[in-house]
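Me: Please take a close look at a single part of this structure and tell me how that part sits among its surroundings. A plain account will do.

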Protein chains: 2
Amino acid sequence: MAKRLVEVFTAGCSVCEGAVQQVKDLACDKCEVVVYDLNRKCDTLECEEKAREYGVKSVPAVAINGELVSNNGIDTGELKAAGLGQ
Amino acid sequence: MAKRLVEVFTAGCSVCEGAVQQVKDLACDKCEVVVYDLNRKCDTLECEEKAREYGVKSVPAVAINGELVSNNGIDTGELKAAGLGQ
C-alpha cells in the first residue's frame, strides 16, 4: 500500500513544537511524516514554496497527501468584530 | 479614551509577516499594537508566558485587550478524519 505523506509546517517556536509531537504520536507505519521549519528554511526553499502552494496561513499546519488539513490564519473579520480599528 | 491593547504573536516566519502588517493596517490611533516574536524570545520571557496564559495554539495569533481573538491550532479530529494514523 502507498505511504501516506504527512507534511508538517512549523516555525520552530514553542507553540509549534507540541503539534509536531502530536502528529508523530498519531502517525502510523503507513504515514511518512516530513517536518518543514519555515524559520530555518531548507537550502532548496522547498518548504517556502510548498507553504505558498498549499496556502499555509498559520503554523503549525499539516497537509496529508498534498491536501492542507489543519490550517487557520488570521481572520480579519474576527479582528474587526473584536474592535480592531473601530 | 483608554488605548486598545492589540498583541500579535508571531514566530518571525514568512507566514506570520503578512499578518503583522494586516493588523497594523487595520489598527487605528486608539490601538496600541505590540508584536511578540516567539522565536527571538524577549529577555523577560514575557512573550512565552503570555502565549501560554492566552492559550495561543498557532501563530500568527492576535489578542485584543487580553482576549485571544484570532487563534486556531491543529485539530487532531480533522487530522484523524483526513486519515492520519488510520
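Reply: The model is predicted, and the part chosen here is Thr10(B), which is buried, with a relative accessible area of 4%. That counts as buried because the cut-off is under 20% relative accessible area. Thr10(B) belongs to strand S1 of chain B, which covers residues 4-10.

The side chain of Thr10(B) has a polar contact: it comes to 3.3 Å from the backbone nitrogen of Gly12(B). Leaving aside residues up to four places away in sequence, Thr10(B) touches Cys16(B), Val20(B), Val35(B), Tyr36(B), Asp37(B), Leu38(B), Asn39(B) and Val59(B).

Two of these names, Cys16(B) and Val20(B), come up again in helix H1 of chain B, residues 14-26. The buried residues of this helix are Val15(B), Cys16(B), Ala19(B), Val20(B) and Val23(B). Seen down the axis of H1(B), these buried residues fall within an arc of 125°, so they line one face of the helix. As background, an α-helix has 3.6 residues a turn, so residues three or four places apart point the same way.

Since Cys16(B) is a cysteine that Thr10(B) touches, disulfides deserve a word. A disulfide is a covalent bond between the sulfur atoms of two cysteines. A search of the whole structure, over all chains, finds zero of them. In chain A, the sulfur of Cys31(A) has its closest cysteine sulfur in Cys28(A), at 3.6 Å, which is too far for a bond, because the two sulfur atoms would have to be within 2.5 Å. Cys31(A) counts as buried at 8% relative accessibility, and Cys47(A) is buried too, with a relative accessible area of 1%.

Terms used: Residues numbered from 1 in each chain as written. Chains lettered and ligands numbered in written order. Predicted model: local features only at pLDDT ≥ 70, side-chain atom pairs only at ≥ 80, totals over all residues. Heavy atoms only, no water. Helix = DSSP H or I, 4+ residues; strand = E, 2+ residues; numbered from the N terminus. Buried < 20%, exposed > 50% of the residue type's maximum accessible area, 1.4 Å probe, protein only. Polar contact = N/O pair within 3.5 Å; in protein donor to acceptor, adjacent residues only side chain to side chain. Contact = heavy atoms within 4.5 Å. Arc of directions from axis to C-beta.
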